[in-house]
There are 2 protein chains.
Amino acid sequence: MSIDNYVKIFKALGEPSRLRMLKLLSVRPMYVCELEKVLQMSQPRISQHLRVMKHAGLVTERKEAQRTFYALKIDYLDEQFKELLEFFHADLESLPLFTGENQRFKELEEDCGVAQCKEGKIDAVKIKQEA
Amino acid sequence: MSIDNYVKIFKALGEPSRLRMLKLLSVRPMYVCELEKVLQMSQPRISQHLRVMKHAGLVTERKEAQRTFYALKIDYLDEQFKELLEFFHADLESLPLFTGENQRFKELEEDCGVAQCKEGKIDAVKIKQEA
DNA sequence: AACTTATATAATAATATTATTATACACGGA
DNA sequence: TCCGTGTATAATAATATTATTATATAAGTT
């Protein structure tokens with residue numbers, strides 16, 4: 001688990017051209033020139049988006065003579081989605097990357113009964129009822 | 001299902017500050033001033049990221065006197081993730097937004113036996129074996 | 001009423017992303 | 001060996017995103 005890794009994956013997914021490409025690759029692996037035809041985009045545009053997705057770990061590439069064959073790593077995608085949902089359900093304490101947040105979060109919880117954020121205190125009791 | 005909707009969600013998730021905020025909101029709903037303290041970010045920065053996430057449908061806001069109370073819509077997140085995995089497993093034909101791609105994809109498949117992308121033909125038989 | 005707190009928003013500057021154009025390079029065929 | 005095909009990459013211009021600073025608004029407090 002790494003925030004940066006999730007960010008890289010979601011950045012890769014958060015672009016319409018790339019989502020369309022990924023959907024096509026989900027049908028079957030394809031060559032760049034095929035994607036070019038089906039998506040009607042310029043070749044450099046396709047290659048650049050494929051590079052982003054490769055770096056995010058979402059596709060594999062394989063050279064075949066002059067061609068390059070790209071395939072969606074659907075298992076990786078499934079796995080990462082599952083992992084992220086677990087991330088959202090995990091305790092703060094179990095996440096090494098959130099030690100600072102966890103510390104400050106606890107301080108907030110300890111200062112109950114005073115409804116002032118400015119002095120670092122807040123009515124945490126009331127908040128818990130609402131949540 | 002809408003590509004643009006997915007894109008909006010993934011754009012919102014594809015930023016480290018926002019991912020951290022969402023994780024905190026997964027612990028419990030929080031006020032802006034609390035997020036400010038725990039994340040140690042400036043207030044406008046927090047508000048702006050919250051706005052992005054609200055527009056993506058990932059959080060709800062509720063006014064409470066001067067404060068605003070933000071909550072993660074975990075059910076929506078779960079639902080959208082599930083939907084996207086279904087999107088990747090769906091037939092091209094069942095996706096209304098991909099009629100153009102589907103058409104051109106079929107043309108590609110029909111031109112079997114000729115390994116030339118330039119003339120719109122490709123060795124689709126070979127490709128199917130590999131995939 | 002004046003002051004403080006909490007939040008949102010506008011304006012700005014800095015940075016990142018995207019698409020196009022131009023170029024380079026590898027491979028196979030004539 | 002020269003040419004066409006397929007792909008990657010660099011350079012550029014256009015656009016979008018991000019964080020900060022400054023300001024506005026609204027609600028509680030004295």
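A residue is counted as near a DNA strand if one of its heavy atoms lies within 4 Å of that strand, and the surfaces described below for this predicted model rest on that criterion. For DNA strand D, at least two residues of the near surface are supplied by each of helix H3 (32-39), H4, strand E2 (59-64) and strand E3 (67-72) of chain A, and likewise by each of helix H2 (16-27) and H4 of chain B. The largest share of this surface, five residues, comes from H4(A).

In total, 29 residues surround DNA strand D, and the closest are A:Cys33, A:Ser47, A:Tyr70, B:His49 and B:Cys117. Divided by class, the surface near DNA strand D holds eight nonpolar, eleven polar and ten charged residues. Of the atoms of DNA strand D that lie within 4 Å of the protein, 69% belong to sugar or phosphate, and the rest belong to bases. Individual polar approaches involve both parts of the nucleotide: a polar side-chain atom of A:Gln48 lies 3.3 Å from a base nitrogen of DNA strand D, while a phosphate oxygen of the strand is 3.5 Å from an N or O atom in the side chain of A:Arg51. From chain B, the side chain of B:Arg18 places an N or O atom 3.2 Å from a phosphate oxygen of DNA strand D.

DNA strand C is surrounded by 28 residues, the closest being A:His49, A:Cys117, B:Cys33, B:Gln43 and B:Tyr70. Sugar and phosphate make up 69% of the atoms of DNA strand C that come within 4 Å of the protein. The elements that each contribute at least two residues to the surface near DNA strand C are helix H2 (16-27) and helix H4 (43-55) of chain A, together with helix H3 (32-39), helix H4 (43-55) and strand E3 (67-72) of chain B. Of these, H4(B) gives the most, with five residues, and the surface as a whole comprises eight nonpolar, eleven polar and nine charged residues. Base atoms of DNA strand C are approached by side chains of both protein chains, in that a base oxygen is 3.0 Å from an N or O atom in the side chain of A:Gln48, and a base nitrogen is 2.7 Å from an N or O atom in the side chain of B:Gln43. A polar backbone atom of B:Val32, by contrast, lies 3.3 Å from a phosphate oxygen of DNA strand C.

The contact between the two protein chains takes 59 residues from chain B and 59 residues from chain A. The area buried between chain B and chain A is about 5400 Å², and carbon and sulfur atoms give 72% of it. On the side of chain B, the residues B:Lys23, B:Arg28 and B:Phe88 supply 13% of the area that this chain buries against chain A, more than any other three residues. The count of salt bridges between chain B and chain A is four; B:Arg28 forms a salt bridge with A:Glu109, in which the closest N and O atoms are 3.0 Å apart. Across the same interface, 18 residue pairs are found in polar contact, both residues having a pLDDT of 80 or more. Helix H5 (residues 74-89) of chain B provides nine residues, the largest share of the side of chain B that touches chain A, and that side divides into 36 nonpolar, six polar and 17 charged residues.

Two residues of chain B were examined individually. B:Glu101, which lies in helix H6 (residues 99-110) of chain B, is classed as buried because its relative accessible area is 3%, under the 20% cut-off. Apart from its neighbours within four places in sequence, B:Glu101 is in contact with A:Arg20, A:Leu24, A:Val38, A:Leu39 and B:Leu92. B:Met41 is found in the loop between H3 and H4 of chain B, and with a relative accessible area of 6% this residue is likewise buried. When residues up to four places away in sequence are not counted, B:Met41 touches B:Ser17, B:Arg20, B:Glu36 and B:Ile46. B:Met41 and B:Ser17 are 24 residues apart in sequence, and their C-alpha atoms are 9.0 Å apart in space.

Chain A contains seven helices and three strands, which run α-α-β-α-α-β-β-α-α-α from the N terminus on. Buried residues make up 47% of the 131 residues in chain A. Among the contacts in chain A with a separation of 6 or more, residues 24 or more positions apart account for 44%.

Definitions and conventions
Residues numbered from 1 in each chain as written. Chains lettered and ligands numbered in written order. Predicted model: local features only at pLDDT ≥ 70, side-chain atom pairs only at ≥ 80, totals over all residues. Heavy atoms only, no water. Helix = DSSP H or I, 4+ residues; strand = E, 2+ residues; numbered from the N terminus. Buried < 20%, exposed > 50% of the residue type's maximum accessible area, 1.4 Å probe, protein only. Contact = heavy atoms within 4.5 Å. Polar contact = N/O pair within 3.5 Å; in protein donor to acceptor, adjacent residues only side chain to side chain. Nonpolar A, V, L, I, M, F, W, Y, C, P; charged D, E, K, R; others polar. Buried area = accessible area lost by both parts, 1.4 Å probe. Salt bridge = Lys/Arg side-chain N within 4 Å of Asp/Glu carboxyl O.
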